[in-house]
Amino acid sequence: METFEEREQRAEEETAATVQEASVDSASPAAVKNLAAVNTEKKTKFFSTKNIVKLAVFTALSYVLYMFLKTPLPIFAPWLELQISDLPALMAAFMTGPIGGAVVIILKCLLKMPFTSTALVGELGDIFMGLAFVLPPAFIYKKFHTRKGALLGLVVGAAVCTAVSAVINAVVLVPFYVELYCHGDEQMLVGMLSGLFPSITWDTFMGYYIGLSVVPFNLIRCTLVGFLTFLLYKHTEKLFTALTPKKKVDAK
C-alpha cells in the first residue's frame, strides 16, 4: 500500500518531470497546458475532498476531547486541567500541513466559545498556545519528512508552547482572572494556591505559579500529547489511506 510519504514523493517527481519537459519544449502547447494543470492542482490540493474530510474528523475529535476529556492534577493549580485535544490537530498538521493543524485548533476553540466560562479569554489563550504547539512540528515535518523530523518537531513544539503559555498566563490570563473571579482582590488568587505553596504571597505569586505550575504542567501535557501523536500517527494515516477510495483511471 502506498504511504503518504510515497505519494508525496511521487507527486513531487511527477511535477519535476513535467517542468523539465516544458523547459525542453517551451513552445509545445501540450507542455504548457500540462504545466498549468499541475500548478492548478498544487494550489487546490489543500482543499481536496480528502483533506476536508480529514479536517472535519480531526476537528470533531479535538472538540470532544477539549470539552469532555480533561482532569486536574493535584500537584498543580486546580484550574490547570490535563487534556489531549491538541492530538488530532497534530495529526491533521502532519497529514495536511501547517494550515490544516491551525484550522483544527481554531475551529475547536471557536466551537467551545458559546459554552465559555471565561468571557472567551481562556479560549483565545488556548488558540495561541495550541498554534504554538502545532505549527513548529508541522513546518519541521514538512521540511524533514522522516520520523526523526517528526520527533524533532514535537520537541520544538513542546518547548515553544511551554514558553508561550508562560507569557500568556503572566501577561493576560492571571490579570484577567484576578478581575473576573476575584473582583480585583489579588489575595483571593493567592489563597487558592496557598495549599500547594504555603509561603506564597502576591509578590512571589508569578514565580510560584508560572515556575512551579504552568511550566511543568505544560511540559507534561505536551510530552504526553507528543508521545501519543508519535505513537499513533502512522497507524492513523494508514487507516485514512485504507478508508479513502482510490480514483479510477479510465483506459484510453
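**Notebook: charged side chains and a nonpolar patch**

Leaving out neighbours within four places in sequence, I find Lys54 in contact with Met95, Thr96 and Phe240. A reminder to myself before going on: this is a predicted model.

**Entry 1, Lys54.** I looked up where this residue sits, and Lys54 belongs to helix 3. Does Lys54 have a salt bridge, or no salt bridge? I found none, although Lys54 is buried. Glu237 is the nearest side chain of opposite charge, and it lies 5.6 Å away. The cut-off for a salt bridge is 4 Å from nitrogen to carboxyl oxygen, so I leave this pair out of my list.

**Entry 2, counting salt bridges.** Side chains of opposite charge can pair when their charged atoms come close. How many salt bridges does a search of the whole structure find? My search turned up three. I then went through them in turn.

**Entry 3, Asp86 and its partners.** I started with Asp86 and Lys108, whose side chains meet in a salt bridge at 3.0 Å, N to O. This pair joins distant parts of the chain, with Asp86 in helix 4 (residues 86-96), Lys108 in helix 5 (residues 98-112), and their positions 22 residues apart. I checked burial too, and both Asp86 and Lys108 are buried.

Next came Arg221, whose side chain also meets that of Asp86 in a salt bridge, again 3.0 Å, N to O. Here the link runs from helix 9 (residues 205-243), which holds Arg221, to Asp86 in helix 4, the two being 135 residues apart. Arg221 is buried, as is Asp86. I therefore noted Asp86, Lys108 and Arg221 together as a network of salt bridges.

**Entry 4, Lys112 and Glu123.** I looked up this salt bridge last, and the closest N and O atoms of Lys112 and Glu123 are 2.7 Å apart. Lys112 is in helix 5 and Glu123 in helix 6 (residues 121-143), so to speak distant parts of the chain, eleven residues apart. Are these two buried or exposed? Lys112 has 11% relative accessibility, so I count it as buried. Glu123 has a relative accessible area of 2%, so it is buried as well.

**Entry 5, a nonpolar patch.** I turned to the surface and asked which residues make a nonpolar patch there. Val53, Val57 and Leu61 do, and the patch covers about 220 Å². I picked Val57 for a closer look and placed it in helix 3 (residues 49-68). Its relative accessibility is 34%, so Val57 counts as partly exposed.

Methods
Residues numbered from 1 in each chain as written. Predicted model: local features only at pLDDT ≥ 70, side-chain atom pairs only at ≥ 80, totals over all residues. Heavy atoms only, no water. Helix = DSSP H or I, 4+ residues; strand = E, 2+ residues; numbered from the N terminus. Buried < 20%, exposed > 50% of the residue type's maximum accessible area, 1.4 Å probe, protein only. Patch = residues over 30% accessible without salt bridge, like charges linked within 9 Å, V, L, I, M, F, W, Y side chains within 5 Å. Areas by Shrake-Rupley, 256 points an atom, 1.4 Å probe, with all protein chains shown as cover. Lys, Arg positive; Asp, Glu negative; His and termini not counted. Contact = heavy atoms within 4.5 Å.
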